[in-house]
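The following note sets out some points on the model under review. They begin with one strand pairing and move outward to the chain as a whole.

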Amino acid sequence: MMKLFDFHADTGYAVMKRRKEGMQDIITKDQLQKRLHGGFSWVCMASYFEGSETWEQMQEMIIALHEEIALCKDALLVKQKADLMADVPLHAICTVEGMCGIKEDVTERIDWLYDHDIKIASLAWNDENALATGVKGNPNRGLSELGIQAVKRMHSHRMIVDVSHANEKTFWDILAHCEGGVMATHSNARALSDHPRNLKDEQLIALAKQGGMVGVVCCGAFVHSDPLKKDIAHMVEHMRYLKDLIGIEHIALGLDFMDDYDGAMGTMLTDLNEPSKAQRIIAEMRNQGFDETQIRMIAYENALRYLGSYLS
Ligand SMILES: [Zn+2]
């Protein structure tokens with residue numbers, strides 16, 4: 001079985017939902033088996049905020065996720081570079097998707113995220129907030145002054161800035177204020193599927209140029225607009241396209257399985273709706289001509305090299 005690194009899963013959201021139902025030890029009970037069965041050894045666990053959450057709610061989810069990772073004896077919270085290679089079945093990397101709760105005290109709050117081992121974070125989800133503008137916000141609005149402060153503070157901590165949900169203006173504003181340390185955790189190529197969550201060629205080239213990484217995502221809408229082509233074969237086509245455009249060393253997986261969202265399964269690929277089936281991606285990569293070295297790079301080596309270079 002090929003080992004896998006996933007740059008995006010909404011585990012923080014899943015944990016909060018189950019906790020509200022009275023459940024505990026949720027990663028062990030809900031997540032672990034399907035992840036290990038799929039071959040995942042590293043999962044970026046996002047605390048996801050859609051735009052209405054307060055700073056206190058952000059803290060609550062991040063702390064809950066930490067507690068749940070600590071409860072799971074087969075998972076380790078990644079704090080430093082050496083933890084990526086620790087002898088444990090599942091390495092949990094904490095990330096943040098959207099910072100709508102940060103409207104003031106930007107420096108202190110970014111420091112709090114850093115102190116809570118957040119290694120990768122996006123400023124906005126699809127919304128428009130005090131820091132930045134997501135894909136559903138005003139197209140003429142990008143990073144705010146506060147957002148520039150946030151990006152600079154993240155940069156000083158070597159936290160990776162995630163541009164997956166950023167609108168185009170925010171994307172370019174972020175790149176203008178960062179020397180490296182910018183990636184798209186879960187986006188595909190816009191040339192193959194014209195969705196605002198996917199990246200245009202010039203965006204992909206700019207990300208790669210500053211050393212960044214693109215996590216290929218398995219949400220149906222980002223893979224293909226044709227319902228009959230929302231499948232693994234067409235997802236692997238995005239990998240082939242990216243390989244030719246920006247080089248294989250910039251490609252990783254950022255799958256964004258929505259198996260924890262009630263009713264969201266229909267938005268996934270027809271032949272890939274949950275993590276336990278992820279080895280099907282590897283089989284299809286072989287089928288489409290990727291060799292074993294290239295498969296290992298996309299499956300986990302690129303991600304480990306990239307993330308490792310930002311950890312101490
Ligand atoms: Zn997302």
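1. In this predicted model, strands S4 and S5 pair in the parallel sense, over 4 bridges. Within this pairing, Thr 95 has Ile 120 of S5 as its bridge partner. The two strands belong, together with helix H4, to a right-handed β-α-β unit.

2. S4 also pairs with other strands. Strand S2 (residues 40-48) runs parallel to S4 and is joined to it by 7 bridges; here Ala 46 stands opposite Thr 95. Thr 95 thus appears in two pairings, with Ala 46 and with Ile 120 of S5. Strand S3 (residues 75-77) is likewise parallel to S4, through 3 bridges, and Leu 76 is partnered there with His 91.

3. How many of the 8 residues of strand S4 are buried? The count is 7 for this strand, which spans residues 90-97, so S4 is largely enclosed by the rest of the structure. As general background, side chains in a regular strand alternate between the two faces of the sheet.

4. The helix of the β-α-β unit, H4 (106-115), has Val 106, Ile 110 and Leu 113 as its buried residues. Viewed down the helix axis, these buried residues fall within an arc of 55°, so they line one face of H4. The general rule behind such a pattern is that an α-helix has 3.6 residues a turn, so residues three or four places apart point the same way. On the face of H4 turned away from the buried side are the exposed residues Thr 107, Glu 108 and Asp 115.

5. What covers the buried residues of H4? The covering elements include S4, S5 and helix H5 (145-156). Ala 150 illustrates the packing: leaving aside neighbours within four places in sequence, this residue is in contact with Met 99, Ile 102, Val 106, Ile 110, Leu 123 and Leu 131. Two of these partners, Val 106 and Ile 110, are also among the buried residues of H4.

6. Ala 150 is also one of the residues with the most contacts inside the largest nonpolar core, which has 99 residues. The others named in that group are Met 45, Ile 174, Cys 218, Leu 253 and Ala 303. In soluble globular proteins, nonpolar side chains tend to be buried together.

7. Two backbone positions may merit inspection. Asp 117, just after H4, takes a positive phi of about 60°, although this residue is not a glycine. Asp 117 lies in the loop between H4 and strand S5 (118-122). Because 19 C-beta neighbours lie inside 10 Å, Asp 117 counts as partly exposed; the threshold for a buried residue is 20 or more.

8. The second such position is Asp 25, also not a glycine, with a positive phi of about 55°. Asp 25 is placed in the loop between helix H1 (11-20) and helix H2 (26-38). With 14 C-beta neighbours inside 10 Å, Asp 25 counts as partly exposed.

9. Taken as a whole, the protein chain contains 11 helices and 9 strands. Its radius of gyration is 18 Å, which agrees with the value near 20 Å for a compact globule of 312 residues. Along the principal axes, the C-alpha atoms fill a box of roughly 50 × 45 × 40 Å. Buried residues make up 49% of the chain. Of the contacts with a separation of 6 or more, 72% are between residues 24 or more positions apart.

Terms used
Residues numbered from 1 in each chain as written. Predicted model: local features only at pLDDT ≥ 70, side-chain atom pairs only at ≥ 80, totals over all residues. Buried ≥ 20, exposed ≤ 12 C-beta atoms within 10 Å, placed from the backbone. Core = buried A, V, L, I, M, F, W, Y, C linked by C-beta atoms within 7 Å. Contact = placed C-beta atoms within 7 Å. Pairing = 2+ DSSP bridges. Right-handed = clockwise from strand over helix to strand, strands pointing away. Arc of directions from axis to C-beta. Rg over C-alpha atoms; globule rule 2.2 N^0.38 Å.
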